[in-house]
Structures are given as structure tokens and as C-alpha cells.
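Hello, and thanks for sharing this one. Here are my notes, set out point by point so that you can follow them with the model open beside you.

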Amino acid sequence: MQEERWLLPAGIEEILPPQAQVLESLRRELLDLYRSWGYELVIPPLVDYLDSLLTGTGRDLDLKTFKLTDQLTGRMLGARADMTPQVARIDAHHMRSSAPTRLCYLGTVLHTRSDGFAGTRSPVQIGAEIYGHSGVESDVEILRLALLTLETAGIGSPYLDLGHVGIFRGLARQANLDKHQETALFEALQRKAIPEIEALIDEQGLTGAPARMLLSLAELNGDDALERAVAELAAADKSVRSALDHLRRVADETHRWLPAVPVHFDLAELRGYHYKTGVVFAAFLSGWGQEIARGGRYDDIGRVFGRSRPAVGFSTDLKGLLRLGAGVEERYEKPGKVLAPWSRDPDLQREIARLRGAGRQVVEEFPGQGCVPYELGCSESLERGEAGWVLVPVKDTEKPEGLPRGRD
């Protein structure tokens, strides 16, 4: 069927006017924001060697990644599903700085399935990362920048959900779980399936404090989760207690910088467990069940590229932000276009150049074009007056019946 040639694959979208211009304006504003904080822009390639794309964040991305064969080398390639491994390679291989490096990025990524909050398989991923600092301060800077990103996109009243992968990892090590046991318990924890967790603990022969502490993780969530964790995990080893302390300090420091942002805790929520090494977080919006930004610490991500440095970052989907943001289109709304006659008149061309330099859109009408200004989205036209070329508003009466106004 010829009509089907116009159809797009499920989860793949094209963005039309005026939304495309709004998206581009938001992109520029956010990149300018990151630049003002000292973040340098990098642009990784859309297609990369598969083993590079699945490094660090690694196998978590395997099922999400479109794969193809390089006809030049025979090696497997992938269309990036996440830009974080590529940015880690850039820091490790190209930046070579001993000082903390701040990098930001923006570009389309491809997913084999839709699981993002915008319901798309082609998110426009934007994010920022810090390499070379392992303290609470860099964790909190990333959190501040993530929340400022949401604010810039017109998303009000988000809340944060904080966790730390070191808590479960430390308890699993203390309980002497093997990889298979750890994975099974991890998956049950993500579902908070308490009967299944109990069965697994029983099956694995765990008793006493290790069993009790692992089971408690499923219920250690909410505003007071850290306070309860101090008692519930009192018998945990030093690494677990250190992770709890670090999480508390991140939460306290976040509250000092962002006192109006609610912070919740969920010690069983282990986003990116297989590559994250410390604090993990997600931002949510009331009434919207999916996270709208995510991030955390992944200190070992650069190791396979020859340089392991502390790293923390966040990312979100620009298309999703535009969908949820309020007042963004109005903020970027510009005056309607100006229609000018086709003429080499020097005075007219100077006026056209002046208007364009001032940010106005000027459309020059082709000879014999025969359309009215509204068909081109024009709200004003340039006409010659006694004092030269002047702007004249287009009257509603000039719009033919049933003709759409066009896009500004």
C-alpha cells in the first residue's frame, strides 16, 4: 500500500513546526546553562563498535541496543542506546586531565523497545557528568544541575528518590552470595516481592543477621528510611555503614542547596546496579509514574578505556521534558513572520536585514506566488510608506475562510 510509506516505526517520531523550534530553543538554553557551570560539550558518534557501547554500563544496555555489521571490518556495530560509555571513553582517552573534568552532551539515542517516560524509542538524551572527583560535593552538584534542568524545562515541584547500590552490594558480600544468588535476589528486590525474597533467602540457606538485613531492604523506603536503616542494618559491615553515611550526607547537603525539593529514600531501588558504584537517584513528578531524570555514581566506568576515575552524572530525555513542561512554548514564542515583496530595492533590503538581525523572520514573496500572508504564517507585511518601508499588520479580514493561520 502506497499510504504505508508515510508510516514511521513504532516509537520513532518526527518533530514538526512549531514544536521542533521549541525543542531547539530549549536545547540551546540548557547547553548554555551547562556551559555557564563550566561543562564542556562533547558530541559522540551515533554508531560505535558494540564492545565500546556495552562497556561500563555494559550489559545493562545489551537488549536495548540495535546491532549491525560493519561492512568494512566485519566487526559488530551498535546504534548508541546511552551516551555515558562514549563520554567515559572521551574523558579517559582524549581529555587526559588530572583535574576534575565536567562534560555535557546531547543527541538522539536509539532503543530496541520503548521504556522511557516519553514512550519513545528515539529519545533526545541530554546530560552532564563530572570525572575526577569522588566527594559528596560532586554528587550534589549533579543533583542541583539535574533539578535546574527540570526547572528550565518548565517542570515544577519534582521530588528526588535517593539510594545507594553499595548497601545491597555490601550485604550480599557479607552473606557470601555467589553471582547467581546475588542476581536472583537483586531482581526480586526490584519488584519488592517479599514472599519471593523470603523464599530465596531460605533456599540459599541464609539465617541470622544477614538474612534479616537483606529482607529488610524491601521495606526500607520512604522519608524515614535512613533512620530505620541505622537500626535494621546495625550488624552490617563497614562498607554498608559507610554507604549509609554517605547517602545521609548527600541528602543533607542537597537539602541545604534545594530546601524546597522533597527527598525520599528507597534502599532497594538499584538503578544501574551492574555498573553504578555509589549514590543513585531519580527525579519524579507527582501524578507521573515514571522517572523524568536519572543519575548516580559510576566510578569504574573508565577502567576498560585505560583510565579509571571517579564519575557521577545524570541524563534525561529532552522530548519527554518538552512533553511535561509548562509554559515552555510561550517562553520561546516569537512575533509572527513578516512578508516582504521580492525586490532589489536597497532601502527594502536594508530594512529586511535590520529585522532579521533583530530576530524577526522575514519571508520574501516570490514573483507570481499569489498567496496571502496568512498562508506563510505572516502577521505583518512590509509596505512602502511616505517615510520608507514600514511594517503593516495583516488584518484578519485578509485570511480566506477556512484557511489555517500558519505557524509562527
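The points below go from the whole chain to the sheet, then to the covered elements, and end with the surface and the salt bridges.

1. **Overall picture.** Please keep in mind that this is a predicted model. The protein has 13 helices and 16 strands, and its C-alpha trace spans about 95 × 55 × 50 Å along the principal axes. Of its 408 residues, 49% count as buried. The accessible surface comes to about 20700 Å², and 52% of that belongs to carbon and sulfur atoms. Among contacts between residues at least 6 apart in sequence, 69% join residues at least 24 apart.

2. **The sheet.** An open sheet of 9 strands runs in the order β1-β5-β6-β12-β11-β10-β7-β9-β8, and its pairing is mixed. At the edges sit β1 (40–42) and β8 (221–222), each of which pairs on one side only. For a parallel example, look at β7 (residues 158–164) and β9 (residues 263–266), joined by 3 bridges. Within that pair, L162 has F265 of β9 as its bridge partner. Helix α10 packs on the sheet here, touching β7, β9 and β10 (279–285), and its direction makes about 160° with that of β7.

3. **Strand β12.** How many residues of β12 are buried? The count is 7 of 7 for this strand, residues 311–317, so "mostly covered" is a fair description. A311, G313, S315 and D317 point one way, while V312, F314 and T316 point the other way, and all are buried. Both neighbours in the sheet run antiparallel to β12: strand β6 (residues 124–131) is joined to β12 by 7 bridges, and β11 (residues 288–297) by 4 bridges. To find your place in the ladders, note that G127 stands opposite S315 and G295 stands opposite F314.

4. **Helix α5.** Why can this helix be called largely enclosed by the rest of the structure? Because 7 of the 10 residues of α5 (residues 165–174) are buried. Those buried residues are V165, G166, I167, F168, G170, L171 and A172. They pack against β7, α6 (179–191), α8 (208–216), α10 and β10. Just after the helix, N176 takes a positive phi of about 60°, which you may like to look at on the backbone.

5. **A nonpolar patch.** On the surface, L46, V47 and L68 make a nonpolar patch of about 230 Å². V47 belongs to strand β2 (residues 47–49). With a relative accessible area of 39%, V47 is partly exposed; the patch counts residues with over 30% relative accessible area, so V47 qualifies on that score.

6. **Salt bridges within helices.** The whole structure holds 24 salt bridges. One of them joins the side chains of R28 and E24, at 2.8 Å from N to O. Why are R28 and E24 about one helical turn apart? Because they are 4 residues apart in helix α1 (residues 19–36). An α-helix has 3.6 residues a turn, so residues three or four places apart point the same way. Both side chains here are partly exposed, R28 with a relative accessible area of 46% and E24 with 24%. E24, R27 and R28 are linked in a network of salt bridges. A second example comes from helix α10 (residues 238–257), where R256 and E253 lie 3 residues apart, about one turn of the helix. Their side chains also meet in a salt bridge of 2.8 Å, N to O. In this pair R256 is exposed, at 58% relative accessible area, whereas E253 is partly exposed, at 24%.

7. **A salt bridge between distant parts of the chain.** The side chains of D345 and R384 meet at 2.4 Å, N to O. This pair links distant parts of the chain, 39 residues apart: D345 is in the loop between β13 (337–341) and α13 (346–357), and R384 is in strand β15 (residues 378–385). Is each partner buried or exposed? D345 is buried, with a relative accessible area of 15%, whereas R384 is exposed, with 53%.

Notes
Residues are numbered from 1 along each chain as its sequence is written. This is a predicted model: local features need pLDDT of at least 70, side-chain atom pairs count only at pLDDT 80 or more; totals for chains, interfaces and linings use all residues. Side-chain values use heavy atoms; hydrogens and water are left out. Patches are made of residues with over 30% relative accessible area and no salt bridge: like charges are joined within 9 Å, nonpolar side chains (Val, Leu, Ile, Met, Phe, Trp, Tyr) within 5 Å. Accessible areas come from the Shrake-Rupley method with a 1.4 Å probe; for residues, only the protein chains shown count as cover. A salt bridge is a side-chain nitrogen of Lys or Arg within 4 Å of a carboxyl oxygen of Asp or Glu. Helices (H or I, at least four residues) and strands (E, at least two) are DSSP runs, numbered from the N terminus. Buried means under 20% relative accessible area, exposed over 50%, partly exposed in between (1.4 Å probe, protein chains only). Two strands pair if DSSP finds at least two bridges between them. Contact means heavy atoms within 4.5 Å. Axes are lines fitted to C-alpha atoms, for helices over the stretch in contact, and angles run from 0 to 180 degrees between N-to-C directions.
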